[in-house]
Amino acid sequence: MALLILLVLYMIYESYIKKRREKESTYVTREALICLNCRYVIEKDFEPGDFIGLIKDTCPRCGGKMKIKGIYGVEVRI
Ligand SMILES: [Zn+2]
């Protein structure tokens, strides 16, 4: 009987650890934009529909057009 209780406790403990692990590391998609005018690069969160080569947003430094030069996943630990 004691063994059964121990087994149940172990299973609860393990599922708890698993849940924590899933929460601790998650992936976010980021994109890098480069200014076509002054080559200034900014990084921001990926928005659905964006793709590499898309002209998007204006440069915060010179007001020129910015192009997406890369999209990538980044692991984030909470
Ligand atoms: Zn610029």
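Me: What pattern does the chain follow, read along the sequence?

Reply: This is a predicted model. Start by listing helices and strands in order. Here the chain reads α-β-β-β-β. That comes to one helix and four strands.

Me: How does the radius of gyration of the chain stand against the globule rule?

Reply: Compare the two values. The radius of gyration is 22 Å, while the rule gives 12 Å for 78 residues. The value is well over the rule, so the chain is more spread out than a compact globule.

Me: What box do the C-alpha atoms of the chain fill?

Reply: Take the box along the principal axes. It is roughly 75 × 20 × 10 Å.

Me: Which share of the residues is buried?

Reply: Count neighbours around each residue. A residue is buried if 20 or more other C-beta atoms lie within 10 Å of its own. In this chain, buried residues make up 6% of the 78.

Me: What order do the strands of the open sheet have?

Reply: Read across the sheet, not along the chain. The four strands have the order 2-1-4-3, and the pairing is antiparallel.

Me: Which strands stand at the edges?

Reply: Look for a single partner strand. Strand 2 (41-45) and strand 3 (55-58) each have one, so one side of each is left without a neighbour in the sheet. Neighbouring strands are turned by 50° against each other on average, direction ignored.

Me: How many bridges join strand 1 to strand 2?

Reply: Five bridges join strand 1 (residues 25-35) to strand 2, and the two run antiparallel. For one residue pair, take Ala 32: its bridge partner in strand 2 is Glu 43.

Me: What share of the contacts joins residues at least 24 apart?

Reply: Set aside pairs close in sequence. Among contacts between residues at least 6 apart, 51% join residues at least 24 apart.

Note on methods: Residues are numbered from 1 along each chain as its sequence is written. This is a predicted model: local features need pLDDT of at least 70, side-chain atom pairs count only at pLDDT 80 or more; totals for chains, interfaces and linings use all residues. The radius of gyration is taken over C-alpha atoms; the globule rule is 2.2 Å times the number of residues to the power 0.38. A residue is buried if 20 or more other C-beta atoms lie within 10 Å of its own, exposed if 12 or fewer, and partly exposed in between; C-beta atoms are placed from the backbone. Two residues are in contact if their C-beta atoms, placed from the backbone, lie within 7 Å. Two strands pair if DSSP finds at least two bridges between them. Axes are lines fitted to C-alpha atoms, for helices over the stretch in contact, and angles run from 0 to 180 degrees between N-to-C directions.
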